[in-house]
Amino acid sequence: MNDRQRIEKLSIEQKAKLLTGTGFWKSAECDDIGLEAFTMSDGPHGLRVQDKMPNHLGIGTSCPSTCFPTAVIMACSWDEELGEELGCYLGAEAAYMGVSMVLGPGLNIKRSPKCGRNFEYFSEDAYLSGKLAAAYVRGIQANGTASCIKHFAVNSRERARMVYDCRVDEQTLRETYLTGFEIAVKEGRPAAVMTAYNKVNGEYCNSSRNLVGDILRGEWGFDGLVVSDWGGTYDKAAAVEAGVDLEMPKCSFSAEEVVRAVKEGRLDEKFVNESVERQLNFSRRVRAADIKDVDWIAHSRFARRCAENSLVLLKNDDNALPLNTTERVALIGDFARNPRYQGAGSSLVNPTFLDNILGAMQNSSLNFVGFAKGFERRGGRNRRLLNGALKLAREADTLVVCLGLGEGMELESCDRTTIDLPRNQIELLLALAELGKKIVVVLSCGGVVDTNWDRYCSALIHAHLAGQSGGGAVVKALTGEINPSGRLAESFPLKEEDVPCHEIYNKYPYKMDFAEGIYVGYKYYNTFGIPVKYPFGYGLSYTTFAYSDACITDDGARVTVTNTGERDGATVVQMYIRAPRPELKDSPAELKGFKKVFLAAGESAQVFIPFDDYSFRTWDIPSAGWREGGEYAVYLGENSANFFFEGRVSRGTAPAFDGQPQTYEQYFESRISPVQPKRKLKKGELTADFMTEIYDLKYCKGFVARLFALISRIYSRSKDELLANSMNHLPIRFILLFLNYREIQAQGFIEACNGHFFKGIKKILFKK
């Protein structure tokens with residue numbers, strides 16, 4: 001008897017129970033078919049294996065594990081080999097801790113710098129995101145641990161993340177928001193994919209036949225496990241039919257929904273059988289190596305190496321860096337002593353070790369004169385701290401000032417309100433600048449901030465969120481022991497208003513228009529001549545590089561790179577291609593290849609960047625498919641705004657177009673959907689689809705509904721930004737799931753909310 005036959009012999013009730021977890025982190029098992037349970041853990045940059053009551057918000061405690069640099073800084077390495085090696089370390093720790101599936105990496109596009117979860121994602125560019133994600137996946141899965149890439153798809157805002165609708169045209173969807181996932185699936189071959197909470201064009205991702213069934217499984221050939229985000233299933237029967245195999249965490253009423261849908265003829269049982277069979281295949285595939293011990297010290301050292309290869313030197317006037325041993329150095333800023341080394345939320349890691357810049361500097365060769373806190377981390381003026389910093393600064397020749405964003409400013413479930421640094425930090429920098437000292441700023445945050453204050457410093461290092469060993473890496477860069485080689489994976493605009501989606505990003509809570517289309521990040525700035533502070537792909541070095549003999553071949557681009565300075569160092573050769581798009585007046589040059597090369601002082605090397613399946617294709621709207629043809633401009637450069645070579649290559653026949661090409665203004669306006677009316681419950685009645693939000697319960701007439709609405713309003717005024725920004729937009733189904741209600745209890749809750757208090761309470765308490 002084969003697997004399918006054994007599965008078909010199970011009752012629909014047995015099979016339905018296998019489609020949801022048995023707890024917060026564990027799948028179901030079934031001895032009759034040989035299905036073994038497997039354990040999952042958050043883990044984009046370190047494992048979060050919880051040792052007490054699990055909590056998806058990162059509030060609970062977790063077992064110690066290595067906190068590697070987050071994706072935002074690892075992307076700045078532009079180093080696939082390093083990413084794959086990080087994945088290997090992460091997979092080894094997972095095997096040691098009994099984790100079968102690592103929930104990561106995340107590779108959503110950084111559409112806006114305000115997204116609160118940007119620290120967990122790689123880039124504003126789909127190609128770079130996909131290549132790095134594929135590398136992570138290969139590493140994680142090298143010893144049998146599964147990688148689950150997320151969040152599929154178009155998940156680029158945290159506000160109302162469980163309910164908003166992304167209104168996006170097919171070309172933008174395919175080229176910008178799906179290509180990274182496609183690369184990760186085809187080149188990394190992840191064992192699992194996690195669906196996003198949000199809707200895409202009116203359909204929830206978790207129940208989207210188009211996204212999951214047609215594109216992921218059909219076009220890309222993905223045959224692995226598709227799992228929901230935690231609490232991200234909105235219609236269980238539709239999700240199963242779409243090809244989603246596992247709902248997490250445990251949902252007591254979803255199995256009953258599946259059984260009822262099958263018996264009523266709304267769901268073909270074959271879809272249930274297929275999901276169970278994929279779970280069975282997955283459980284056999286996941287066979288992690290038997291790792292009995294982990295060298296935590298070696299892992300921490302590797303985490304430092306990752307940070308060392310990813311730090312971005314943004315400014316270095318008059319060779320202010322590296323520092324020498326004769327200058328008296330003062331260290332100022334709370335982040336030097338209490339490092340901001342990771343983000344907040346579900347990816348929060350309990351590190352095995354934690355260094356800081358202060359300790360590393362005290363143990364360095366620098367002539368260190370002291371440390372001053374300088375400012376309150378959470379904002380607000382503190383004259384005593386400011387005066388203390390000024391007093392110390394007067395004793396020094398050079399000031400290393402550590403600025404950044406506090407933990408509550410970048411986190412899951414809510415977005416940033418501004419890209420500015422806290423005002424008290426800027427005031428400190430201005431006061432220090434008046435002393436006329438050399439100032440070096442070290443920036444610690446999860447992404448883009450306004451850096452127009454950099455005119456007050458001589459040097460600027462962006463350390464991002466560099467993991468548990470980042471402090472030592474920063475000091476090694478300051479002293480010149482290492483040569484910074486990171487390159488930005490996102491653009492730094494001159495001002496927030498320059499971001500192409502600025503006006504529409506947060507305009508409505510329940511929808512997002514992706515009217516800027518394919519013109520995200522550097523594709524917008526470069527194409528339309530919008531000046532930026534620091535371009536995508538930008539980064540300085542303590543040495544210099546020259547490029548010669550560049551040429552285009554049938555297979556790719558070649559160039560000779562020479563380190564013309566006196567220090568060993570690395571640069572990143574970047575290849576951009578501008579495709580013929582006759583329907584658009586302005587076609588963007590897009591990243592289509594890159595290579596990081598390390599060279600000793602005076603050394604030369606020939607670099608070859610091959611063309612691949614993504615080099616020349618664009619999405620053709622009329623034919624609803626990929627097209628390739630015409631004359632393409634190929635550029636080589638050090639960043640997206642500085643090309644040192646331009647060539648031409650032809651492929652096939654140029655695409656035909658009958659009409660006038662669209663300007664950007666026409667393009668933008670054509671993608672704005674009608675104004676969304678304010679959501680209210682119809683006639684104040686809560687319905688059985690469970691998708692009403694807590695905020696909407698105030699429209700119900702029942703006491704229970706109004707009580708929950710009151711609790712929501714109280715929490716929404718909380719000083720805890722995570723609670724304040726997430727409570728109102730939690731769907732009722734999400735609450736019922738965490739209450740562990742069965743279907744009859746969920747129905748009772750609805751009845752109680754609709755004014756039938758005793759009838760509803762009876763069902764909740766007595767389950768009948």
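**View 1. Strand 19 and its pairing with strand 22 and strand 18 in the predicted model.** Strand 19 and strand 22 (residues 604–610) run antiparallel and are joined by 7 bridges. Within this pairing, alanine 557 has isoleucine 609 of strand 22 as its bridge partner. Strand 18 (residues 545–552) also pairs with strand 19 in the antiparallel sense, over 6 bridges. Here serine 548 is matched with threonine 560 of strand 19 as its bridge partner. The connection from strand 18 to strand 19 is a hairpin through 3 residues. Strand 19 spans residues 556–563, and 7 of its 8 residues are buried, so the strand is largely enclosed by the rest of the structure.

**View 2. The antiparallel pair formed by strand 20 and strand 21.** Strand 20 (residues 569–578) is joined to strand 21 by 10 bridges, and the two run antiparallel. Threonine 571 has valine 597, in strand 21, as its bridge partner. Strand 21 covers residues 589–599 and is mostly covered, with 9 of its 11 residues buried.

**View 3. The open sheet of 6 strands with mixed pairing.** The strands follow the order 9-14-13-12-10-11. Strand 9 (312–316) and strand 11 (367–372) form the edges, each pairing on one side only. From one strand to the next, the twist averages 20 degrees. At one end of this order, strand 10 (residues 328–332) and strand 11 run parallel and are joined by 5 bridges. One of the residues involved is leucine 331, whose bridge partner in strand 11 is phenylalanine 371.

**View 4. Helix 14 and helix 16 lying across strands of the open sheet.** Helix 14 (residues 383–393) lies across strand 10, strand 11 and strand 12 (398–404). Its direction is at about 170 degrees to strand 11. Helix 16 (residues 470–479) lies across strand 12, strand 13 (438–444) and strand 14 (459–462). The angle between helix 16 and strand 13 is about 150 degrees. Strand 12 is thus listed under both helix 14 and helix 16.

**View 5. The contact between helix 14 and helix 15.** The axes of helix 14 and helix 15 (residues 423–433) come within 10 Å and cross at roughly 30 degrees. This angle makes helix 14 roughly parallel to helix 15. The crossing of the two helices is right-handed. On the side of helix 14, the contact is made by Leu386, Ala389, Leu390 and Ala393. Helix 15 contributes Leu428, Ala431 and Leu432.

**View 6. Cysteine 251 and cysteine 501, two buried residues.** With a disulfide taken as a pair of cysteine sulfur atoms within 2.5 Å, the model contains 0 disulfides. Cysteine 251 is in no disulfide, and the nearest cysteine sulfur, that of cysteine 753, is 17 Å away. Cysteine 251 counts as buried because its relative accessibility is 2%. For cysteine 501, the closest cysteine sulfur belongs to cysteine 115 and is 10 Å away, which is too far for a bond. Cysteine 501 is likewise buried, with a relative accessible area of 0%.

Technical notes:
Residues are numbered from 1 along each chain as its sequence is written. This is a predicted model: local features need pLDDT of at least 70, side-chain atom pairs count only at pLDDT 80 or more; totals for chains, interfaces and linings use all residues. Side-chain values use heavy atoms; hydrogens and water are left out. Buried means under 20% relative accessible area, exposed over 50%, partly exposed in between (1.4 Å probe, protein chains only). Two strands pair if DSSP finds at least two bridges between them. Helices (H or I, at least four residues) and strands (E, at least two) are DSSP runs, numbered from the N terminus. Axes are lines fitted to C-alpha atoms, for helices over the stretch in contact, and angles run from 0 to 180 degrees between N-to-C directions. Contact means heavy atoms within 4.5 Å. Angles under 35 degrees count as roughly parallel, over 145 as roughly antiparallel, 65 to 115 as roughly perpendicular and the rest as oblique. A crossing is left-handed if the near helix is turned anticlockwise from the far one by less than a right angle, and right-handed if clockwise.
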